[in-house]
Amino acid sequence: MQKKDILIYGAGMSGLVCAINLARDGYKVVVRDREKEYGGDPLYNPSTHTTPIDVKKTSEYIGIDVSSVFYPLIACPFYFHDTKAYAPHSGLYTVERGNRPTSLDTLLYGIACKEGVRFEFNSALKKDQIASLPANTIIACGLTPSAYDMLGVPYVRWYGYISRGEIGFSNYSWIWWDEGITEYGYLSSANNYYFNLLFSKRPISEATLAKYRAFMRRNEGVEHETWQYATGAVPVASPANPRLFHENLIYCGTISGAMDPFAWFGILGALITGKVAAMAVTDRGKAMAEFARFNRYFKLAYLFKNKVWYPAIRPQVGMMEKALLLVGPRNLERFAAKYVHEGVHIPFSIPGFAHLGCY
Ligand SMILES: Cc1cc2nc3c(=O)[nH]c(=O)nc-3n(C[C@H](O)[C@H](O)[C@H](O)COP(=O)(O)OP(=O)(O)OC[C@H]3O[C@@H](n4cnc5c(N)ncnc54)[C@H](O)[C@@H]3O)c2cc1C
């Protein structure tokens, strides 16, 4: 087979999955990234993420065994203020991002190099290049606001505080809800590394950060010395965000809108759309059908979050806390465990989770 050239912008997880699949199909793949090496934006990485995923089925679908870098969570308490209950954590995993030896990116980058993929770092996609990109150029630029601006992808801006470093435990997470933020605070940990993010659609006050830090000390006995201010983008601004094609370009990973519009989980959607974008080069129709299948619940979850959760439920953290105390955290845990066990699964809106047959 005569090899054709394919250009991919973005050497993150979805760009690498796409590159590996196309290289195996006989394409001559060049991946360009704006950073000086693989591992993504140093504002976000190294980091550890927590995500619902069926690792075996996902590995089979993308054609790459990622089981060595996903770790089952040992526990994931959730808190309304200081009131705690344990979320059912079967199906939840942690994974490391960035360029440390134990990360998902290191695994994928190593495989891509072995498959003959060529990398050009310090090569950012610029707005004036877009019109002249070859057909089927793949855009896998993740959650970078400037990339969304130049491509006209609708996005929600988030603001937050990040802390990261070594911590002395692994595969443990928590989630915290409070009125000071529209989203949540969470810690994720893997390979003795942690990533803690407090984030919101509105800029977060120092008082809310102080409240979160006091909560952590009191309830988890954890304190971080340094916090970094951060802002970013998520493609959940419109029910029509999921998009595989844009003019002659193919979108891949989170920039395609393959993200859970409720809790903003992006890992699984990025992995599977890496495969779908590779498919789009050879079979547009099949790729479109797969993309639609994986993002089928986006609109429903988008509407629930914007029409019900934000206006009616999310501001009532105190009410949720009272309800939890009334029901009793243990009773809620037993109820949730029974329903998860019996096949009612909350993460239906995570692209790929329901549709890979994870339940
Ligand atoms: C702070 C934070 C915390 C998160 N936590 C979680 C979590 O706990 N669980 C979860 O499921 N999801 C989480 N997500 C979402 C998840 O990380 C993303 O959805 C996923 O990493 C996106 O993968 P991707 O392949 O699309 O992009 P990425 O892996 O981000 O890769 C994008 C690549 O594009 C490059 N790039 C950007 N702009 C350009 C340009 N102009 N030209 C060339 N290259 C460019 C970047 O350098 C990067 O290497 C989080 C996201 C962030 C930002």
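Two strands count as paired if DSSP finds at least two bridges between them. The legends below describe a predicted model.

**View 1. An open sheet of seven strands with mixed pairing.** The strands follow the order 6-5-11-12-13-10-14. Strand 6 (83–86) and strand 14 (228–234) are the edge strands, each pairing on one side only. From one strand to the next, the twist averages 20 degrees.

**View 2. The pairing of strand 5 (residues 77–80) with strand 6.** These two strands run in the antiparallel sense and share four bridges. Y79 has K84 of strand 6 as its bridge partner.

**View 3. Helix 5 (residues 206–220) on the strands.** Helix 5 lies across strand 5, strand 6, strand 10 (156–166), strand 11 (174–177), strand 12 (185–190) and strand 13 (193–200). Relative to strand 11, helix 5 runs at about 135 degrees.

**View 4. The packing of helix 1 (residues 13–24) against helix 6 (residues 267–282).** The helix axes are 7 Å apart and form an angle of about 40 degrees; helix 1 and helix 6 are therefore oblique to each other. Their crossing is right-handed. Helix 1 contributes M13, S14, V17, C18, N21 and L22, which meet A270, L271, T273, G274, K275, A277, A278 and V281 of helix 6. By class, this contact has nine nonpolar, four polar and one charged residues.

**View 5. The shell around the ligand.** Of the 36 residues around the ligand, those that come nearest are G12, S14, G142, G253 and G266. Helix 1, strand 3 (47–52) and helix 6 each supply at least two residues of the shell. By class, the shell has 16 nonpolar, 15 polar and five charged residues.

Methods
Residues are numbered from 1 along each chain as its sequence is written. This is a predicted model: local features need pLDDT of at least 70, side-chain atom pairs count only at pLDDT 80 or more; totals for chains, interfaces and linings use all residues. Axes are lines fitted to C-alpha atoms, for helices over the stretch in contact, and angles run from 0 to 180 degrees between N-to-C directions. Angles under 35 degrees count as roughly parallel, over 145 as roughly antiparallel, 65 to 115 as roughly perpendicular and the rest as oblique. A crossing is left-handed if the near helix is turned anticlockwise from the far one by less than a right angle, and right-handed if clockwise. Two residues are in contact if their C-beta atoms, placed from the backbone, lie within 7 Å. Ala, Val, Leu, Ile, Met, Phe, Trp, Tyr, Cys and Pro count as nonpolar, Asp, Glu, Lys and Arg as charged, and the others, Gly among them, as polar. A residue is near a molecule or strand if its C-beta atom, placed from the backbone, lies within 6 Å of it.
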